[in-house]
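This briefing introduces a structure to a reader who has not met it before. Please consult the display below while reading.

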Amino acid sequence: SALLASHFANLEGSPGLRSASAMVTGTGGEVIYGKDIATVRPIASITKLMTAMVILDSGLDLDAKITVTKADRDLVQLTGSRLEYGASLSRREMIMLAIMASENRAATALGRTWPGGMKQFVMAMNEKAAQLGMDSSHFADPAGLSVENTSTARDLVKMVSAANAYALIREASTTTRLE
């Protein structure tokens, strides 16, 4: 954090980031660098962090098997998947794949199998965002495929900070291979 602070503090103007929005904070939450931090933009796959937090908060059985079905396919961006229809993995494994491989079918299957279904899951995502003070954010699906999944750099710092408190998310975001 101190190294980042000194790096960004010595920059004049823009540090040459290509991102339209960016925010770097210190360990105490202080803003070290900000670029257009309040503009609402589509957030794509980082949506899966919220999906994982909502599942982990629920207390649902992480060992319960979830089977991938055609209902989990991406009809928005038509992305492919390494998860074939009929594949059955534990909820824990689905979280791991959603985070570490940005696996859309895994994230969608997690939402689809939520008690009450996908609509209730998306409501839970938005409720969690509100609890975190993510006032400029909106979630529309668990995988981040919809452009209606939106947030700001400021809100995403809150989400990433909260996600860091979950051991399974930390493990998934630092694991490169799942055996």
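The notes that follow concern a helix, a nonpolar core and a strand residue.

This is a predicted model, in which local features need pLDDT of at least 70, side-chain atom pairs count only at pLDDT 80 or more, and totals for chains, interfaces and linings use all residues. Residues are numbered from 1 along each chain as its sequence is written, and side-chain values use heavy atoms, with hydrogens and water left out.

**Helix 3**
- Helix 3 (a DSSP run of H or I, at least four residues, numbered from the N terminus) spans residues 91–100 and is mostly covered, with 7 of its 10 residues buried (under 20% relative accessible area, 1.4 Å probe, protein chains only).
- Arg91, Met94, Ile95, Met96, Leu97, Ala98 and Ile99 are the buried residues of this helix.
- Their cover includes helix 2 (47–58), strand 4 (65–67), strand 5 (88–90), helix 4 (104–112) and helix 7 (167–174).
- After helix 3 comes Ser102, with a positive phi near 50°.

**Nonpolar core**
- The largest nonpolar core (buried Ala, Val, Leu, Ile, Met, Phe, Trp, Tyr and Cys residues joined through side-chain atoms within 4.5 Å) has 39 residues, of which Met50, Met53, Met94, Ile95, Phe139 and Met159 touch the most other members.
- Elements giving two or more residues to this core are helix 2, helix 3, helix 4, helix 5 (118–131), helix 6 (153–163) and helix 7.
- Beyond neighbours within four places in sequence, Met159 is in contact (heavy atoms within 4.5 Å) with Ile46, Leu49, Met50, Met53, Leu132, Met134 and Phe139.

**Thr150**
- Thr150 belongs to strand 6 (residues 150–151), a strand being a DSSP run of E, at least two residues.
- Thr150 counts as buried because its relative accessibility is 17%.
- Residues up to four places away in sequence aside, Thr150 touches Val40, Arg41, Pro42, Ile43, Ser136, Ser137 and His138.

Conventions. Buried means under 20% relative accessible area, exposed over 50%, partly exposed in between (1.4 Å probe, protein chains only).
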